[in-house]
Amino acid sequence: MSEIKNLINITDLSVQEIDHLIEIADDIIEHPEQYWDACAHKKLATLFFEPSTRTRLSFTAAMMELGGNVLGFDQAASSSTAKGESVADTIVMASCYADIIAMRHPKEGAPYVGAQYASVPVINAGDGGHFHPTQTLTDLMTIHRKKGKLGGFTIGLCGDLKFGRTVHSLIDALLRYDDIRYVMVSPEELELPDYIKETLNKAGVEWKEVRSLDEAIPELDILYMTRVQKERFFNEEDYIRLKDSFILSRKMLAPAKEDLSILHPLPRVNEIAKDVDDDPRACYFYQALMGKYIRMALILYLLGMK
Ligand code: NCD
């Protein structure tokens, strides 16, 4: 029996595999009709123990556009978790009913544990403040479509760099590409965790920390904004004090490069003002669309169909 391939951390995929997924996603965008029946009679289980809009809906849309079906739950309260069932048992059940599983959980490592019990591929759709590899694939796909390359740029990562799992996974991925400079923009309390700073230092890349978004903007080719992760705070006062640390407005973009790409995994709260949405440099809704295509590619790949 061939080994089951899971996606728990973005580094589970080699750079070549990521290139392959991007190639498939490009082809899906070009020839969607060729994929309409690709997953006929296949089922995706979406096990979401934590809230989600884009990730769950884009997984669902992805499987539907491949001609497959989707089953699952969107909150722990509506599953047997509420009765005390373990993640392991829930995953064994889902493996009985589905060909592939996408799982989101508030506990770091839960999808990894789940994958030990599953008899079908497991995709981590976000685990606590840890990783979010399919958001990273979405981000890479967006950068590829907008910049035509995955390297040779300066990227600013702004907001909650401590708890933001999308930032953690994106850095893990980008460290494998060449000629990237990193500008980390956060309040002191929401700086990158030390273990990620150490990884950056070990990799020998050029990176710095700044406290002002205005100061960072002119040198950026990509600006990756993030939400302050309310649900990961231990007390509400800290959240209230930090939540509006950075608010990107149209006015602030005056000194920015003309070909800057503004990304955000979404949902946004206050960190990007509405008046940025009409700026041609705003890519975040396009990014959400790319999330569907790259997840279609991922499903096909993990099912061994591409
Ligand atoms: C992100 C997440 O869940 O980590 N959302 C997403 O999946 N697009 C970002 C966030 O919630 O801030």
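**Close-up views of a predicted protein model**

**View 1. Arg232 sits in a loop between a strand and a helix.** In this predicted model, the loop that holds Arg232 comes between strand S8 (222-225) and helix H9 (236-242). Is Arg232 buried or exposed? Arg232 has a relative accessible area of 12%, and buried means under 20%, so Arg232 counts as buried.

**View 2. Arg232 and the residues it touches.** Which residues is Arg232 in contact with, once its neighbours within four places in sequence are left aside? Two of them are glycines, Gly128 and Gly129. The others are Glu50, Pro106, Phe163 and Arg165.

**View 3. Zooming out to the fold of the protein chain.** Let's step back from Arg232. The protein chain has 10 helices and nine strands. Its radius of gyration is 19 Å, close to the 19 Å from the globule rule for 306 residues, so the chain is as compact as a globular protein of that length. Along its principal axes, the C-alpha trace spans about 55 × 45 × 40 Å. Take the contacts with a separation of 6 or more: 74% of them join residues 24 or more positions apart.

**View 4. Inside and outside the protein chain.** How much of the chain is buried? Buried residues make up 55% of the 306 residues. On the outside, the protein chain exposes about 13600 Å², and carbon and sulfur atoms supply 50% of that area.

**View 5. Where the charges lie.** The protein chain carries 34 positive and 46 negative charges. Find the mean position of each set, and the two points are 3 Å apart.

Methods
Residues are numbered from 1 along each chain as its sequence is written. This is a predicted model: local features need pLDDT of at least 70, side-chain atom pairs count only at pLDDT 80 or more; totals for chains, interfaces and linings use all residues. Side-chain values use heavy atoms; hydrogens and water are left out. Helices (H or I, at least four residues) and strands (E, at least two) are DSSP runs, numbered from the N terminus. The radius of gyration is taken over C-alpha atoms; the globule rule is 2.2 Å times the number of residues to the power 0.38. Buried means under 20% relative accessible area, exposed over 50%, partly exposed in between (1.4 Å probe, protein chains only). Contact means heavy atoms within 4.5 Å. Accessible areas come from the Shrake-Rupley method with a 1.4 Å probe; for residues, only the protein chains shown count as cover. Lys and Arg count as positive and Asp and Glu as negative; His and the chain ends are not counted. The place of a charge is taken as NZ of Lys, CZ of Arg, CG of Asp or CD of Glu.
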